[in-house]
Each structure stands twice: as C-alpha cells, then as structure tokens.
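Student: I am new to this structure and would like a close look at a single part of it. Could you choose one helix and take me through its surroundings step by step?

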Amino acid sequence: MSIQEQDKQFMIECLTKDLVMMLMEDYGYSMEKALSIVYNSHTYEKLEDEKTGLYYQSAEYAYDFLSQELNQCVK
C-alpha cells in the first residue's frame, strides 16, 4: 500500500470514529449499533470512493450526509 493510500485509509478511519461518536452522542446508540450504521451506510460508501472526496471533508460535513440518510430511512 502506498503512502497516499495509507493516508487516505487513515483519514477514513478517523472520520468513521468521529461519525460513530456523534451517533452515540446524538442518538444514544451503543458503539456496536453506531458502527453497524456507519459501515452499512451510503455515506460510508462515499467516504471510500476517492472520486467523491468526502474523506477530505470535516466530520461535521460527513455527519450531515449520514444524518440526512438516517432521516430518510425513518420516514
């Protein structure tokens, strides 16, 4: 794995951690549930897709996508 790939993966992992923490705080989810939600979301797919550049954005920006996705599922 190149240094660029390692950096990208590190950024995704940091954002994932932040998203999980935000879900736990805002929704009261357990860590396991929050991890499951993040890893099974379209938002996570966008994080992994280099073309979207979402992994370069702030955790709050990515969380907005995830919140919108969750709200659409509830409706």
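Tutor: What follows is a walk along helix α1 and through the parts of the chain that meet its residues.

This is a predicted model, in which local features need pLDDT of at least 70 and side-chain atom pairs count only at pLDDT 80 or more, while totals for chains, interfaces and linings use all residues. Residues are numbered from 1 along each chain as its sequence is written, and side-chain values use heavy atoms, with hydrogens and water left out.

Helices here are DSSP runs of H or I with at least four residues, strands are runs of E with at least two, and both are numbered from the N terminus. Helix α1 has 25 residues and spans 36 Å from its first C-alpha to its last, which is close to the expected 36 Å; that expected span is 1.5 Å times one less than the number of residues. Just after α1 comes Gly-28, with a positive phi of about 75 degrees.

The buried residues of α1 are Lys-8, Ile-12, Leu-15, Thr-16, Leu-19, Val-20, Met-22 and Leu-23, where buried means under 20% relative accessible area, exposed means over 50%, and partly exposed lies in between (1.4 Å probe, protein chains only).

Let us begin with Lys-8, which counts as buried because its relative accessibility is 13%. Its side chain meets that of Glu-50 in a salt bridge, at 3.8 Å from N to O; the term stands for a side-chain nitrogen of Lys or Arg within 4 Å of a carboxyl oxygen of Asp or Glu. The pair links distant parts of the chain, since Lys-8 belongs to helix α1 and Glu-50 to the loop between α3 and α4, 42 residues apart. Glu-50 itself is partly exposed, at 43% relative accessibility. The charged end of Lys-8 also sits over the ring of Tyr-55, 5.8 Å from the centre of that ring; this requires NZ of Lys or CZ of Arg within 6 Å of the ring centre and within 35 degrees of the ring normal.

A search of the whole structure finds 2 salt bridges, and Lys-17 and Asp-18 form one of them through their side chains, at 3.0 Å from N to O. With a relative accessibility of 26%, Asp-18 counts as partly exposed. In general, side chains of opposite charge can pair when their charged atoms come close.

Ile-12 is also in helix α1, and its relative accessibility of 2% is why it counts as buried. Leaving out residues up to four places away in sequence, Ile-12 touches Tyr-44, Leu-47, Glu-48 and Tyr-55, a contact being heavy atoms within 4.5 Å. Of these neighbours, Tyr-44 is buried at 11% relative accessibility. The structure holds 4 aromatic pairs, and in one of them the rings of Tyr-39 and Tyr-44 have centres 4.9 Å apart and planes at 80 degrees, so the pair is edge-to-face. Rings of Phe, Tyr and Trp (its six-membered ring) pair if their centres lie within 6.5 Å, with planes under 30 degrees apart counted as stacked, over 60 as edge-to-face and the rest as tilted. Tyr-39, at 45% relative accessibility, counts as partly exposed.

Further along, Val-20 of α1 is buried and is in contact with Met-31, which also touches Met-24 when neighbours within four places in sequence are left aside. Met-31 is found in helix α2 and is partly exposed, with a relative accessible area of 43%. The C-alpha atoms of Met-31 and Val-20 are 7.0 Å apart, although 11 residues separate them in sequence.

Leu-23 touches Gly-28, Tyr-29, Ala-34, Ile-37, Val-38, Tyr-63, Leu-66 and Leu-70, again not counting residues up to four places away in sequence. The largest nonpolar core has 18 residues, and those with the most contacts inside it are Leu-19, Leu-23, Val-38, Leu-47, Tyr-63 and Leu-66. Helices α1 (3-27), α2 (31-39), α3 (42-48) and α4 (59-74) each supply at least two residues of this core, and α1 gives the largest share, 6 residues. Such a core is a set of buried Ala, Val, Leu, Ile, Met, Phe, Trp, Tyr and Cys residues joined through side-chain atoms within 4.5 Å. In soluble globular proteins, nonpolar side chains tend to be buried together.
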